[in-house]
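Okay, thanks everyone, let's get going. I'll put the structure up and then walk you through a few parts of it.

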Amino acid sequence: MSQEQEAFLQVKNLRIEFKTDNGLLQAVRGIDFSLKKGKTLGIVGESGCGKSVTSKAIIGLNPKEFQTTGEVLLQQENTKEPLDLLTIKQNGPVMRSIRGKRISMIFQEPMTAFSPLYTIGNQIMEAVLLHQTKDKKQAKEWTLRMLEKVGISDAEKRFEQYPHEFSGGMRQRAMIAMALSCNPEILIADEPTTALDVTIQAQVLELMKDLQEEFGMSILFITHDLGIVAEMCDEVAVMYLGKVVEHGTVHDLFKRPKHPYTKGLIDSIPVIGSRKKRLLSIEGTVPVPIGLTTGCGFYERCHERIQGVCNKRDVNTIHVDDRHKVACVLYDSTLEKKEVHVGERDYS
């Protein structure tokens with residue numbers, strides 16, 4: 001079976017743009033990735049690289065002003081033809097039947113995702129009543145079970161409490177309970193542990209893995225933390241300036257990184273107990289994606305750039321092997337050998 005046939009969700013040539021006072025901002029610039037059933041795909045990158053707008057485009061939550069093109073193909077249960085989620089109305093009945101039921105999302109900040117005017121129990125139960133059952137008694141029982149499943153004690157009491165009465169870790173667990181309340185086939189987790197301390201973070205990650213195994217769901221895990229990627233993900237897509245610059249298995253990414261940006265991310269991770277390895281940083285900042293010219297977006301920050309090549313030609317995606325792809329001219333077999341690297345990083 002081919003990789004495309006195995007894919008449960010496919011994103012093809014996704015582009016997201018919106019107008020600003022300074023011009024057209026290209027938040028996402030033609031990305032491709034696929035999510036297999038029961039697997040976890042990590043999307044990694046610095047703030048502003050397009051991770052969150054990509055995830056919201058999948059379930060139609062971006063503002064209407066955003067111009068979105070490409071394909072987001074969701075495998076259908078009763079037909080071989082996938083459904084393109086970009087072709088249906090964001091707030092229409094088809095998307096409403098998918099959002100929360102087949103595809104659910106854990107948002108980055110739980111305090112802003114929950115309404116302060118309603119109890120935690122009522123907000124979770126709303127999704128259950130919409131997608132699972134119309135019986136309020138059954139919906140409440142289901143909600144209480146989900147709260148218990150995510151490790152919230154005294155669920156009966158917590159059901160009646162408001163978001164401000166929950167700690168940060170408990171709100172995160174309640175959000176996971178809400179996202180999983182309808183047994184979704186795909187869970188999008190947008191930096192779900194960013195605001196948590198390391199102890200609670202470990203518990204939440206372990207909980208997500210347990211629930212994934214129990215329900216057999218696929219997870220799209222969005223983060224900037226490579227440590228979480230190593231623990232949670234099967235495959236990784238590294239994003240920079242609205243593009244996927246490298247895609248491969250977790251093993252390939254950490255053992256054989258190809259793109260200079262990926263290497264920089266890995267080299268900036270401190271190694272416990274190691275005094276020999278120098279901790280490096282990626283110099284400069286991510287450019288604003290307005291009025292971008294031809295060439296690699298990472299050119300100005302890259303220590304392996306080639307003048308007259310990296311900043312002059314469009315970067316194609318090159319297959320290193322069947323499971324590993326990189327968007328970098330250094331792996332282009334048509335590149336002339338006489339062209340010289342400048343700005344090489346000193347790893348001594």
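So, helix 8 is mostly covered: 10 of its 13 residues are buried. This is a predicted model, by the way, so keep that in mind throughout. The buried set in helix 8 is Gly169, then Arg171 through to Ala177, and finally Ala179 and Leu180. Yes, that includes Arg171 and Arg173. What do these buried residues pack against? Quite a list: strand 6 (103-106), helix 4 (110-113), helix 5 (120-131), helix 6 (136-149), strand 7 (186-190) and helix 9 (198-215). The length of helix 8 checks out too: for residues 168-180, at 1.5 Å a residue, we should get a span of 18 Å, and the end C-alpha atoms are indeed 18 Å apart.

Next, strand 3, residues 40-44. Here 5 of the 5 residues are buried, so the strand is largely enclosed by the rest of the structure. Thr40, Gly42 and Val44 point one way, Leu41 and Ile43 point the other way, and all are buried. Who are its partners? Strand 8, residues 218-223, pairs with strand 3 in the parallel sense over 5 bridges, and there Thr40 has Ile219 as its bridge partner. Strand 9 also runs parallel to strand 3, joined to it by 4 bridges, with Leu41 standing opposite Glu235.

Now the other sheet I wanted to show you. It's an open one, 4 strands in the order 2-1-4-5, with antiparallel pairing. At the edges sit strand 2 (23-36) and strand 5 (83-84), each pairing on one side only. Strand 1, residues 7-20, pairs with strand 2 over 11 bridges, antiparallel; if you want one to click on, Val11 has Phe33 in strand 2 as its bridge partner. Lying across strand 1, strand 2 and strand 4 (67-74) is helix 2, residues 51-58, which runs at about 115° to strand 1.

Last thing, two backbone oddities. Asp154 has a positive phi of about 50° although it isn't a glycine, and Leu241 also has a positive phi of about 50°, again without being a glycine. Where are they? Asp154 lies in the loop between helix 6 and helix 7 (155-159), while Leu241 is in the loop between strand 9 (235-240) and strand 10 (243-249). Their surroundings are worth a look: Asp154 is partly exposed, at 48% relative accessible area, whereas Leu241 has 3% relative accessibility and counts as buried.

Terms used: Residues are numbered from 1 along each chain as its sequence is written. This is a predicted model: local features need pLDDT of at least 70, side-chain atom pairs count only at pLDDT 80 or more; totals for chains, interfaces and linings use all residues. Side-chain values use heavy atoms; hydrogens and water are left out. Helices (H or I, at least four residues) and strands (E, at least two) are DSSP runs, numbered from the N terminus. The expected span of a helix is 1.5 Å times one less than its number of residues. Buried means under 20% relative accessible area, exposed over 50%, partly exposed in between (1.4 Å probe, protein chains only). Contact means heavy atoms within 4.5 Å. Two strands pair if DSSP finds at least two bridges between them. Axes are lines fitted to C-alpha atoms, for helices over the stretch in contact, and angles run from 0 to 180 degrees between N-to-C directions.
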